[in-house]
Every structure is written in structure tokens, then in C-alpha cells.
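I opened this notebook to record what I looked up in one model. The entries run from one sheet to the chain as a whole.

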Amino acid sequence: MKSIKYFIALTAIIMVFSGCKKFLNVTPVDALSGNNFWKTRKDVEGFTNGIYTVLRDKVGKTILLPALEIRGNYVLTSGSIDASGNNVVNNLINNNLKAMIKSTTTYDTRMKTVMNWKPWYDIISASNILFVEIDQVPASELSDVEKKRYKAEAVFLRNLSYMFICKIFGNAIYYTEAYNSKPLPRLSQVEVMKNCIADMAAVKNDLPVVYPDAVSKGFRPTRASAAALLMHLNMWASAWDEPNRNGYYTAVLKLAEELSSYTNYRVLPITTENTMRIFKGRSEENLFGVLQDFNYGETFAGYANYSFFFSSYPYRGALSKTASFMSYEKEYINKLFPAGTRDERLSTWFDNYNSGNTTFQFKKFANRYATGLGSALTINNDDSAIIFRLPDALLLAAEAAAELNDAATAQGYLNQIRAAAAAPSITSTGATLRKDIYEERCRELIGEGHFFFDLVRTGRATETEFSKALISVGNFNSGAWTWPLILPVSEAAANPHLVGNNFWN
């Protein structure tokens, strides 16, 4: 990439802390660079909040998480989104991404935000700057322990970004230097994952176990957040580094043991009240997320949340919106939630779950606020974007244990999730157990943006039983699982090493 000084662009959105209850509500300033800036705690917090603003916009102002869930899934457009939306969403379901690259309809444009990696590199670049420049802050403002905490937070944010870059695009440009200006080639995603694992592990214990203020809970990284990130990094690496898989699985199980030592986290029983707490973002399940809260002026784009597509009034939309845009296919949802098997997620998270038509209602994201009055009344989603939560991490541990043929440990982690849903325990072993764990992730994490990543990571994207849009083994190996990488002409010209994803070119 051309002289990578994202800080110049970032200063336009860097913010200054403006209230202990609204750490994302911040005020822009003109310039926060160099020796004139890194002087006070307020400077550091303001710069850090600027990084979170970029992250918030990436997940809360785009179609990212719904797109990652819809692609290749057993869903259908049962209603009408808009004049162009149904065609675009159907292309996404069927893994026909080439059709989106040159098109300019509203939904093609929204999908292309997923194909833009610059915001992730904005986060990485700013995190690298934070890591280096915080040492300029006088000891009278920040103690050594506090500086280490900010450095670890910077490492967390850059590695979170690398995780998404590799999961979406595959190979990545990797750097940790502040103000990097070297044109670099894309590095193998396995090497990127290894670098990230070492990077995060080195500073994980500099993060707090808990924050003293409730505002940061679930939205600033803790040691548990770092453990969850490391579990994802290891599991993604295991998918592409077959000779060393067992080492990654062992690391995941060790991290799961660490998570169990943090007594402030637990899996919550499935109820409507607990569901609302979880997706507000500060419950005992939440490991890391991005805040949305209408009361504090922190609102996302409507289409950034899954319920925009799968719900209608009174859960989402105008008073006149009596039909959901999308639903799950009846055969698939019946397989996930078979008739006669108790599972509290079924009644808590859905209405008309197997209708396969516009009466389908997705109620998992149930926090909402109203705007307008009378016939103009509209119900809007008010859930935060949850990146990591405890059941996700425990199911990764179950998967790792099953891959190591430790059925008892795998069942133990898996059945913690089943018990919270009042569902019967699973006692299977071998390949059946591995399939059961995968399907439990489909159930428990439905709508949260994990579906396509799990499909790719486990190799099930090439199997008709698990993917609606089957990718042949040859196409998978050629990169059909990635997203197209849209590179501005100026960026590609400035870095001769930089290439897009050839499968989509």
C-alpha cells in the first residue's frame, strides 16, 4: 500500500473523552499528533476512542455481520427488500459475488463495504501508533501499569483487525511498525495468525481481569477478551496449517481453562430477559463487543443488524411493515431445532420459525427503541454488536477437544451450552460429535456473523449437507471462499507488491 500513514486520515475522526458514561460519545479535534499531543491521560483516552470509532463504523454502519451470516446459508428472500435488494441478497446466498463488484445498486454498494479492508488497516495503523507513542506520556499522568494496559489494548485491536482481514480476504499485509511507509506484499494468513498469536500472548496479562467502571464492561478488552481472540486465531490457523493442527487445538483448550478461572463470566440460561442483557453487551457472557445504545446517541445503521432482514413489526420496522424480508428454509431450521426436542432458544428467539415465509420472526435481537408517533411509528434495533461471548469460546473448546479425540472434554463444553437452553445433553463421539458441535454453533450463534466463517474454517463449505451454495474443492482452494478485495487504482499503483484475490478478478 502507498505510504501507509493512516494517521493522517484518522485524525479527522479522533476524539476526546467527554463523559464517563459515554466513552464513545466524543468531540473531534483538529490535530492530535507528535509531541504536542501525547501529554495527558485525556490525550491517550481520546486517541484510543478514535480507534473505537473506526471499529464502530466498520461493524455498526455497514452490512458486515449480516452478510457474513447470510452468505451460503439456508435462508431465502421471502418478501421484498427493495427494487434491487432481493437480487443482491440472492447473489450473496448463492456465493455469486462477482455480480456485485461492478454494480451500483443500493445493496451492491452496501455489500462492497465488506470488500474494503482500509478501515481495518486504519485500526491497525492507529493501534501501532498508540503502542509506540504512549511512552511519551509523563509518569505523572499514567503509571507504567496503565501504559502497559493501553499497549495491550492496542495489540488486541490490531490483532482483532488482522483476524477479520484474514477471515474475509485470506492473505494480508502484516506490519506492526508505527507510521509504516514501506510497500509490503501480502503474507500467508498462517504466518499472520502465528504473528498475531505471539503478539497477543505476550501482552495478554497486561490487560485487566475486570474494569473498575461498569461502562467499559464488554466493550474494552480484558484478559478474557484476549483469550477469546486467541482461541479464534488458533482455530483459524488450524484450518490452513494441517501438519500443526494439534498444537493449535491444545492451545485452545488451555485458553478455555483460563477462561473458566475468571469467575465474573458464566453462561446464562436462555430467557427473554437474559437474551436482552446479552445483546445489550454487559452481561456475564459478554467478552467483547461494539456498543449501540440509543439513549447515549450511539446508533447503528438499520441494516447492520440481522433483525433488519429477518423481522417485522412489532420487533422491527414501521407499523405498516407486516412482513419479514427473509426467513430460514423450513427443512434446515427443522434440522437445527427438531420437533419434540426441548430447546428454549426456539420459543425465545423465534416466532413461526419454520414457516419459510414472511411470517418468520427473528427475536434474538430484542432490544429496541421507537421513533415517530401514530401511523409513523417505527421500531428500531438497539442491540450492540457482540464480537465474542462465552458460549462461542466454549464451543470452540469443544471442537478442539473433539478434534483431539477427547470426547468427554468436548461433551462437557458442549453440554454447558445445551443446559443453558434446557436442551438434552449430547453423548455422541467421533465424527458424529464433531457434527453435533458444528450444528450447536449454528444454533447458539445464529445471526451473530459466525456462519460463513465456521463453514469455511471447518471445510464444510465444500459439503452439500452444510452449505446451500456448495463450493467445489478446486474453487475453494483457488479462493472462492474469500471476498473480493476492491483496491483503488492509486493504492495498487503505489504498491507493486499488492494484488487482489485472483479468484474474483
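I first fixed the term I needed: two strands count as paired if DSSP finds at least two bridges between them. I also noted that the model is a predicted one.

Entry on the sheet. I looked up an open sheet of three strands, whose order is β5-β10-β9 and whose pairing is antiparallel. I found its edge strands to be β5 (317–318) and β9 (368–371), since each pairs on one side only. I then followed β9 to its partner: four bridges join β9 to β10 (residues 378–381), and the two run antiparallel. For a single position, I looked up Tyr369 and found Asn380 in β10 as its bridge partner. I recall that strands of a sheet pair through backbone hydrogen bonds, either parallel or antiparallel.

Entry on the whole protein. I listed 21 helices and eleven strands. Along the principal axes, I read a box of roughly 65 × 55 × 45 Å for the C-alpha atoms. I checked the radius of gyration: a compact globule of 505 residues would have a value near 23 Å, and the protein has 22 Å, which agrees.

Entry on contacts and burial. I noted that, of the contacts with a separation of 6 or more, 69% are between residues 24 or more positions apart. I found 60% of the 505 residues counted as buried, that is, under 20% relative accessible area.

Entry on surface and charge. I recorded an exposed area of about 18800 Å², of which carbon and sulfur atoms supply 52%. I noted 53 positive and 48 negative side chains, with the centres of the two sets 3 Å apart.

Terms used: Residues are numbered from 1 along each chain as its sequence is written. This is a predicted model: local features need pLDDT of at least 70, side-chain atom pairs count only at pLDDT 80 or more; totals for chains, interfaces and linings use all residues. Side-chain values use heavy atoms; hydrogens and water are left out. The radius of gyration is taken over C-alpha atoms; the globule rule is 2.2 Å times the number of residues to the power 0.38. Buried means under 20% relative accessible area, exposed over 50%, partly exposed in between (1.4 Å probe, protein chains only). Contact means heavy atoms within 4.5 Å. Accessible areas come from the Shrake-Rupley method with a 1.4 Å probe; for residues, only the protein chains shown count as cover. Lys and Arg count as positive and Asp and Glu as negative; His and the chain ends are not counted. The place of a charge is taken as NZ of Lys, CZ of Arg, CG of Asp or CD of Glu.
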